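Trainee: I have a new model open and would like to learn how to read it. Where do we begin?

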Amino acid sequence: MRIFVALPLAEDAASALDQIAQTLPAGDPVPEENWHITLAFAADVAEDTVEEFGLNLSGIAVPRFAWQIDGFGVFGAAKPRQIHALVAENSALTELHHQVRRAARNAGLILRHRRFVPHVTISRLRRAPLDIRAADWLAGNATRSLGPFVAREFTLFESELHPDGPHYNPLLTLSLL
């Protein structure tokens with residue numbers, strides 16, 4: 001199984017982000033229902049490991065917290081792959097990320113070590129490169145802030161790859177305190 005843990009966007013956050021994302025002149029838009037902030041990702045995970053991971057996740061005790069979007073950017077400097085909303089640095093979000101990774105390790109999952117860059121992917125650049133209109137859009141929105149929003153829950157998802165893009169199935173949703 002391909003799985004990930006994420007903060008799904010609450011309605012107020014998705015609505016605010018959607019107003020900006022609709023003006024984006026490039027890429028394949030990510031459906032609003034797929035917007036999230038990834039905390040951890042793993043591929044090729046056995047079902048029994050997913051179950052143990054879910055049990056470990058249920059032991060996480062983190063209070064609800066406020067977060068906000070602080071600009072827009074791309075990943076893949078030489079050949080951008082996607083456009084995203086950057087999430088402002090946030091100690092509570094970072095702590096949740098660390099606890100999710102610890103829960104994964106305790107379940108036997110080996111996660112790739114990457115610097116945590118919280119973001120919400122809003123468009124994928126599969127078919128078309130970043131053109132001048134998109135570059136102008138990014139420059140105009142590079143420091144745009146949205147929020148604050150409140151994180152109330154986090155979810156363990158299964159990710160199934162399909163020709164039209166990934167489909168996300170929630171396996172377990174847990175409330176923040």
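Trainee: How many bridges join β1 to β3, and do they run parallel or antiparallel?

Mentor: Keep in mind that this is a predicted model. β1 and β3 run antiparallel, joined by 6 bridges. One pair to look up is valine 5 with its bridge partner in β3, alanine 40.

Trainee: Which strands form the open sheet, and in what order?

Mentor: There are 4 strands, in the order β3-β1-β8-β9, with antiparallel pairing. β3 and β9 are the edge strands, since each pairs on one side only. From one strand to the next, the twist averages 25°.

Trainee: How many bridges link β1 and β8?

Mentor: That antiparallel pair has 4 bridges. Find phenylalanine 4 and look across to β8: phenylalanine 157 stands opposite.

Trainee: What packs on the sheet, and which strands are touched?

Mentor: α2 does, touching β1, β8 and β9. The direction of α2 makes about 165° with that of β8. A second helix, α3, lies across β1, β3 and β8. α3 runs at about 25° to β3.

Trainee: Is β3 mostly covered or mostly open?

Mentor: Mostly covered: 5 of the 7 residues in β3 are buried.

Trainee: Now the helices. Which residues of α2 are buried?

Mentor: Start with the general idea. An α-helix has 3.6 residues a turn, so residues three or four places apart point the same way. Now this case. In α2, residues 47–57, the buried ones are Thr49, Val50, Phe53, Gly54 and Leu57. They sit on the same side of α2 because they cover an arc of only 140° around the axis. Asp48, Glu51 and Leu55, on the other side, are exposed.

Trainee: What covers the buried residues of α2?

Mentor: The cover includes strands β1, β8 and β9, and helix α3.

Trainee: And which residues of α3 are buried?

Mentor: They are Leu93, Leu96, His97, Gln99, Val100, Arg101, Ala103 and Ala104. Their cover includes α2 and the strands β1, β3, β4, β5 and β8.

Trainee: How far apart are the end C-alpha atoms of α3, and what span should its residues give?

Mentor: Use the rise of 1.5 Å a residue. The 16 residues of α3 should therefore span 22 Å, and the end C-alpha atoms are 22 Å apart, which agrees.

Trainee: What should I look for at the start of α3?

Mentor: Look at asparagine 90. One of its side-chain oxygens comes to within 2.9 Å of the backbone nitrogen of alanine 92. Then go to the other end: glycine 108 follows α3, with a positive phi near 90°.

Note on methods:
Residues are numbered from 1 along each chain as its sequence is written. This is a predicted model: local features need pLDDT of at least 70, side-chain atom pairs count only at pLDDT 80 or more; totals for chains, interfaces and linings use all residues. Side-chain values use heavy atoms; hydrogens and water are left out. Buried means under 20% relative accessible area, exposed over 50%, partly exposed in between (1.4 Å probe, protein chains only). Helices (H or I, at least four residues) and strands (E, at least two) are DSSP runs, numbered from the N terminus. The arc is that of the directions from the helix axis to the C-beta atoms. Contact means heavy atoms within 4.5 Å. The expected span of a helix is 1.5 Å times one less than its number of residues. A polar contact is a pair of N or O atoms within 3.5 Å; within protein, one must be able to donate a hydrogen and the other to accept it, and residues adjacent in sequence count only if both atoms are side-chain atoms. Two strands pair if DSSP finds at least two bridges between them. Axes are lines fitted to C-alpha atoms, for helices over the stretch in contact, and angles run from 0 to 180 degrees between N-to-C directions.
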